[in-house]
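Here is a short report on the ligand sites and open spaces of one protein. Please look over the sequence and the model first.

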Amino acid sequence: MDKKKKWTEQEIGKIYYLPLMELVYKAATVHRAQGNWQEVQVCSLLSIKTGGCKEDCAYCPQAARYHTGVNPEPLMDLEDVLQKAQTAKDMGATRFCMGAAWREVRNNRHFDCILEMVTEVNKMGMEVCCTLGMLEEQQALRLKEAGCYAYNHNIDTSPSYYGNIISTRQFDDRLQTLKHVAQAGMSVCCGGIIGLGETDEDRIAMLTTLANMDPQPESVPVNALVAVQGTPLQDRCRVGFDEMLRMIAAARILMPDSMVRLSAGRLEMSVAEQALCFMAGCNSIFAGEKLLTTPNPCIDQDMEMFRKLGLRPRKAFAAEERVPKAAKEEAAA
Ligand code: SAM
Ligand code: DTB
Ligand code: SF4
């Protein structure tokens, strides 16, 4: 598939609305053709700066304005972060993602501390990912220089539904940060959430934005809303498993080279349901008992699931070992 292809919403709608089993079959076929289908990237998340965020993201337990029981905490110490990273590495994680409940990064001592964390975790041989809110160009470059491999910044939903969920920033602000991340040479991790009250058309529009990014995001987290008490979305019903499966399968077909990550919402899914997601092209998970503030399946359960399904954790930096298609074509010419 030509990566530079510009997808229209109509084209994506045709894929998205396929009968589910046909969609899964097509996605599984794409997944098999890419090779490495047995490998699942195991990522670990750590909230290094929890709560007290000034943004109003309606889904988020860390927004200061909602009363969710998440206590604001200061930035973690370097030593504590390194200890958590070692624990994550020992349990088999190869990507370590550090999250901060910030609207944006500021050029202050907290950012300097994070740069140090990035450098030290990178030295441990793990792919370092950060998710710290909006970034300026220079800040993205400093993160990259410190050894940050990837940056997570989700578009969350469709451009037109965005204003119903977040009013303290614009959809285009997200795109601007993603541009800075890509220009700095970091790998882009960008996805969204389903279950916010959006329509199928919104999901299609979100997929269209992601699929038309150039280059497409290296990883695409698909989150199901975790409806946290105290947030404006506390009473939203859980998304059906078929809806997660549909999003994962569509993402796999549209972004064949990306890692598609089954992210928030996995705790409620059975092994059989997750198996269908892996079949449909999901090849990455967040592992460990906690996401940022909410629970997640424990690693022993996940390893047992991999064993049952004949899957295996992928090595760190595996993407760099693959010869890019363009280079192969050049060599052959
Ligand atoms: N503050 C930074 C930002 O907003 O980019 C980084 C942390 S933020 C918690 C990272 C992402 O977590 C959000 O963009 C959203 O996609 C996801 N997220 C947050 N709360 C969630 C929830 N309750 N359910 C599902 N996903 C959630
Ligand atoms: C992503 O797409 N999902 C993760 C990670 N990127 C940072 C976060 C999920 C957070 C779920 C709610 C919580 O634990 O606070
Ligand atoms: Fe803040 Fe990020 Fe939560 Fe929004 S998603 S309230 S920016 S921590």
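How does the shell around ligand 3 divide by class? It has seven nonpolar, no polar and two charged residues. The model is predicted.

## Ligand 3

Nine names make up the surroundings of this ligand, and they can be read in sequence order. Cys53, Glu55, Cys57, Tyr59, Cys60 and Ala63 are among the residues around ligand 3. Ala101, Trp102 and Arg169 also belong to that group. Glu55 and Arg169 count as charged, which fits the two charged residues of the shell.

Ligand 3 sits in the largest cavity.

## The largest cavity

The whole structure holds four cavities of 30 Å³ or more. The largest has a volume of about 850 Å³. Its lining has 42 residues, and Tyr59, Cys60, Gln62, Asn154 and Leu292 are the closest to its centre. Tyr59 and Cys60 also appear around ligand 3.

Strands contribute to this lining. β1, β2 (95–100), β3 (127–131) and β7 (219–224) each supply at least two residues. β2 gives the largest share, four residues. By class, the lining of the largest cavity has 25 nonpolar, 10 polar and seven charged residues.

## Ligand 1

Where does ligand 1 lie? The space it takes is the largest cavity. Ligand 1 is surrounded by 17 residues, with Tyr59, Asn154, Asp156, Arg174 and Val226 the closest. The shell around ligand 1 divides into 10 nonpolar, five polar and two charged residues.

Backbone atoms and a side chain both make polar contacts here. Tyr59 places a backbone N or O atom 3.0 Å from a nitrogen atom of ligand 1. Val226 also has a backbone N or O atom 3.0 Å from a nitrogen atom of ligand 1. Arg174 uses its side chain: an N or O atom there is 2.9 Å from an oxygen atom of the ligand. On its own, ligand 1 has 550 Å² of accessible area, and the protein covers 90% of that.

## Ligand 2

Ligand 2 sits in the largest cavity as well. The residues around it include Leu45, Pro61, Thr131, Asn152, Asn154 and Pro221. Asn223, Phe286, Leu291, Leu292, Thr293 and Thr294 are also around ligand 2. This shell has six nonpolar, six polar and no charged residues. Asn154 is also one of the closest residues to ligand 1.

Which residues make polar contacts with ligand 2? Asn152 has a side-chain N or O atom 3.3 Å from a nitrogen atom of the ligand. A polar side-chain atom of Asn223 is 2.8 Å from an oxygen atom of ligand 2. Leu292 has a polar backbone atom 3.0 Å from an oxygen atom of ligand 2. Taken alone, ligand 2 exposes 410 Å², and the protein buries 88% of that.

## The second largest pocket

How much space lies in the second largest pocket? The value is about 530 Å³. Its lining has 24 residues, and Leu45, Leu46, Lys84, Lys290 and Leu291 lie nearest its centre. Two or more lining residues come from each of β1 (39–49), α3 (78–90) and α11 (299–309). The largest share, four residues, comes from β1.

The lining of this pocket divides into 12 nonpolar, seven polar and five charged residues. Leu45 and Leu291 link this pocket to the earlier site: both are also among the residues around ligand 2.

## Backbone exceptions

Most residues other than glycine have a negative phi, and most peptide bonds are trans. Two places in this model depart from that pattern.

Asp156 is not a glycine, yet its phi is positive, about 70°. Asp156 is found in the loop between β4 (150–152) and α6 (162–165). Asp156 is also one of the closest residues to ligand 1.

What kind of peptide bond joins Asp214 and Pro215? The bond is cis, with omega about 5°. Pro215 lies in the loop between α8 (200–211) and β7. β7 is one of the strands that supply at least two residues of the lining of the largest cavity.

How values were computed:
Residues are numbered from 1 along each chain as its sequence is written. Chains are lettered from A and ligands numbered from 1 in the order in which they are written. This is a predicted model: local features need pLDDT of at least 70, side-chain atom pairs count only at pLDDT 80 or more; totals for chains, interfaces and linings use all residues. Side-chain values use heavy atoms; hydrogens and water are left out. On a 1 Å grid over the protein atoms alone, a cavity is a set of points where a 1.4 Å probe fits but cannot get out, and a pocket is an open set with protein on both sides within 12 Å along at least five of seven lines; lining residues have an atom within 4 Å of a point. Grid points are joined across faces, edges and corners, and a volume is the space filled by probe spheres set on the points. A residue is near a molecule or strand if one of its heavy atoms lies within 4 Å of it. A polar contact is a pair of N or O atoms within 3.5 Å; within protein, one must be able to donate a hydrogen and the other to accept it, and residues adjacent in sequence count only if both atoms are side-chain atoms. Accessible areas come from the Shrake-Rupley method with a 1.4 Å probe; for residues, only the protein chains shown count as cover. A molecule sits in a cavity or pocket if more than half of its atoms lie within 2 Å of its grid points.
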